[in-house]
Amino acid sequence: KIVGGTDASSGEIPWQVSLKEDSMHFCGATIIGDRWLLSAAHCFNETEPGEIEAYMGTTSLNGTDGTAVRVNVTRVIQHPLFNPIFLDFDVALLELERPLVFNKYIQPICLPLAGQKFPVGKKCIISGWGDLQEGNVTKPEILQKASVGIIDQKICDFLYNFSLTDRMICAGFLEGKVDSCQGDSGGPLACEVTPGVFYLAGIVSWGIGCAQAMKPGVYSRITKLKDWILATIS
């Protein structure tokens, strides 16, 4: 997924999910409750819920280790204001067929408070099984993770010709080299707020290319989408 990343160790990113259709990975997702996953709305333009399987508890794309759990997705709820052209409100909730049992390898991530700030320069973790470099369709077998910095909103908006909205947050490096890529969509941008406690700052949404200079990754900003998330799952 990740350009410039490293292998994640078992249980290191226990909220990471691989979404598969016909046994093929197509997007990431994040565990936010025992029956609910969060992903990107743009992952589901053509997919019927009955065809989606969620794999968690594993760093292996084939789910070959004994800790892997597979659960069917029964419902996909895209944000009602999702705009597929500008990728505004690019968030979707996935309801699972049965509740997850949390353990060392399967854990929900915390949702941020609506007013929570992720300061510019803060290092956060992106993860996924997407392409390892732009234009190269090799998917890694082991979950990839990388550290990226939160980027100033005004700078990022300028770099993307003023196409950002309040529902977007940018992360990466202006020099490029580290980024999310195709196949990582829907996966987490996770920020450690207190030691060992991670909050979901964003969902992999879009960008231009992968790891290009002056084109950081753009993520759905969870603080601006949290009210809808909570209202929908309650």
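Helices (H or I, at least four residues) and strands (E, at least two) are DSSP runs, numbered from the N terminus. Keep those labels at hand for the tour.

This is a predicted model, in which local features need pLDDT of at least 70, side-chain atom pairs count only at pLDDT 80 or more, and totals for chains, interfaces and linings use all residues. Residues are numbered from 1 along each chain as its sequence is written, and side-chain values use heavy atoms, with hydrogens and water left out.

**Stop 1: a surface patch**

Select Ile-155. This residue sits in helix H1, which covers residues 153-159. Is Ile-155 buried or exposed, or partly exposed? Ile-155 is partly exposed, because its relative accessible area is 42%. The terms have cut-offs: buried means under 20% relative accessible area, exposed means over 50%, and partly exposed is in between (1.4 Å probe, protein chains only).

Now add Leu-174 and Met-214. Together with Ile-155 they make a nonpolar patch on the surface, with about 240 Å² of accessible area. Patches take residues with over 30% relative accessible area and no salt bridge; like charges are joined within 9 Å, and nonpolar side chains (Val, Leu, Ile, Met, Phe, Trp, Tyr) within 5 Å. The areas come from the Shrake-Rupley method with a 1.4 Å probe, and for residues only the protein chains shown count as cover.

**Stop 2: the cavity**

Rolling a probe the size of a water molecule over the atoms shows where empty space is left. How many cavities of 30 Å³ or more does the structure hold? The structure holds one. A cavity is a set of points, on a 1 Å grid over the protein atoms alone, where a 1.4 Å probe fits but cannot get out; lining residues have an atom within 4 Å of a point.

The largest cavity has about 60 Å³ of space. Grid points are joined across faces, edges and corners, and a volume is the space filled by probe spheres set on the points.

Select the lining: Ser-10, Gly-11, Glu-12, Ile-13, Pro-14, Gln-16, Gly-57, Thr-58, Thr-59, Tyr-105 and Leu-143. Colour these residues by class. You should find four nonpolar, six polar and one charged. Here Ala, Val, Leu, Ile, Met, Phe, Trp, Tyr, Cys and Pro count as nonpolar, Asp, Glu, Lys and Arg as charged, and the others, Gly among them, as polar.

**Stop 3: salt bridges**

Stay with Glu-12, one of the lining residues of the largest cavity. Which side chain meets that of Glu-12 in a salt bridge? Lys-145 does, at 2.7 Å from N to O. Lys-145 is in strand E9 (residues 144-151), while Glu-12 is in the loop between strand E1 (6-7) and strand E2 (16-21); the pair links distant parts of the chain, 133 residues apart. Glu-12 counts as partly exposed because its relative accessibility is 32%.

The term salt bridge has a cut-off: a side-chain nitrogen of Lys or Arg within 4 Å of a carboxyl oxygen of Asp or Glu. The whole structure has four of them.

Next, pick Glu-95 and Arg-75. Their side chains meet in a salt bridge of 2.8 Å, N to O. This pair also joins distant parts of the chain: Glu-95 is in strand E7 (residues 92-96) and Arg-75 in strand E6 (residues 69-78), 20 residues apart. Glu-95 is buried, at 17% relative accessibility, whereas Arg-75 is partly exposed, at 38%.

Then show Asp-88 and Arg-167. They form a salt bridge of 2.7 Å, N to O. Asp-88 lies in the loop between E6 and E7, and Arg-167 in the loop between H1 and strand E10 (168-172), 79 residues apart. Asp-88 counts as buried, at 10% relative accessibility.

**Stop 4: positive phi**

Move to Phe-89. This residue is in the loop between E6 and E7. Its phi is near 55 degrees, a positive value in a residue other than glycine. Phe-89 is buried, at 14% relative accessibility.

Jump to Phe-162, in the loop between H1 and E10. Its phi is near 60 degrees, again positive in a residue other than glycine. Is Phe-162 buried or exposed? Phe-162 is exposed, at 58% relative accessible area.

**Stop 5: across the chain**

Select Cys-191 in strand E11 (residues 188-194). Cys-191 is buried, with a relative accessible area of 0%. Add Ile-125: the two are 66 residues apart in sequence and 6.3 Å apart in space, C-alpha to C-alpha.

Finish at Leu-37, in strand E4 (residues 36-39). Leu-37 is buried at 0% relative accessibility. Its C-alpha is 7.7 Å from that of Leu-96, 59 residues apart along the chain.

Note on methods:
On a 1 Å grid over the protein atoms alone, a cavity is a set of points where a 1.4 Å probe fits but cannot get out, and a pocket is an open set with protein on both sides within 12 Å along at least five of seven lines; lining residues have an atom within 4 Å of a point.
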